[in-house]
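Thanks, everyone. I'll take one fold and walk through how its pieces sit together. Here it is on the screen.

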Amino acid sequence: MDKVTAKEMNINAGGYSFLCIFGEHINGGFLAIPNWNVCVELGNKNDMAYNSDKIYKAIQDIKEFNGYYEKIADILANEIKKEGY
């Protein structure tokens with residue numbers, strides 16, 4: 001069995017708080033944000049453009065974020081990159 005790694009941290013972005021659980025599994029990276037019902041596959045932790053785009057697509061239908069989707073996605077991807085997985 002392959003090893004799965006995960007980290008948990010709270011990230012503030014766009015005036016919102018995100019409980020983020022992220023890490024790596026057999027097929028790559030992942031991000032779960034339970035308090036916003038979001039779960040998304042990520043690429044390499046250093047691939048900011050790809051990860052930000054994946055996060056953006058996962059949150060773009062959450063009306064509360066009202067136009068801050070790109071900013072939120074960029075902040076989350078950057079914090080995950082800094083923390084690593």
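Start with the sheet in this predicted model. There are 4 strands, and they form an open sheet. The order is β1-β2-β3-β4, with antiparallel pairing. β1 and β4 are the edge strands. Each has a single partner, so one side of each has no neighbour in the sheet. On average, neighbouring strands are turned by 20 degrees against each other, ignoring direction.

Now the middle of the sheet. β2 and β3 pair over 5 bridges, in the antiparallel sense. In that region, E24 stands opposite G29 in β3.

Next, the helices. α1 lies across β3 and β4. It runs at about 155 degrees to β4. α2 also packs on the sheet, touching β1, β2, β3 and β4. Its direction makes about 140 degrees with that of β1.

Let's stay with α2. It covers residues 69–83, which is 15 residues. First C-alpha to last, it reaches 21 Å, close to the 21 Å expected at 1.5 Å a residue.

Which residues of α2 are buried? Y69, I72, A73, L76, A77 and I80. They span an arc of only 125 degrees around the axis, so they sit on the same side of α2. What do these buried residues pack against? β1, β2, β3 and β4, plus α1 at residues 48–59. On the other side of α2, E70 and K82 are exposed.

One last detail, on the backbone. Just after α2 comes G84, with a positive phi of about 75 degrees.

That's the tour. Questions, please.

How values were computed
Residues numbered from 1 in each chain as written. Predicted model: local features only at pLDDT ≥ 70, side-chain atom pairs only at ≥ 80, totals over all residues. Heavy atoms only, no water. Helix = DSSP H or I, 4+ residues; strand = E, 2+ residues; numbered from the N terminus. Expected span 1.5 Å × (residues − 1). Buried < 20%, exposed > 50% of the residue type's maximum accessible area, 1.4 Å probe, protein only. Arc of directions from axis to C-beta. Contact = heavy atoms within 4.5 Å. Pairing = 2+ DSSP bridges. Axes fitted to C-alpha atoms, helices over the stretch in contact; angles between N-to-C directions.
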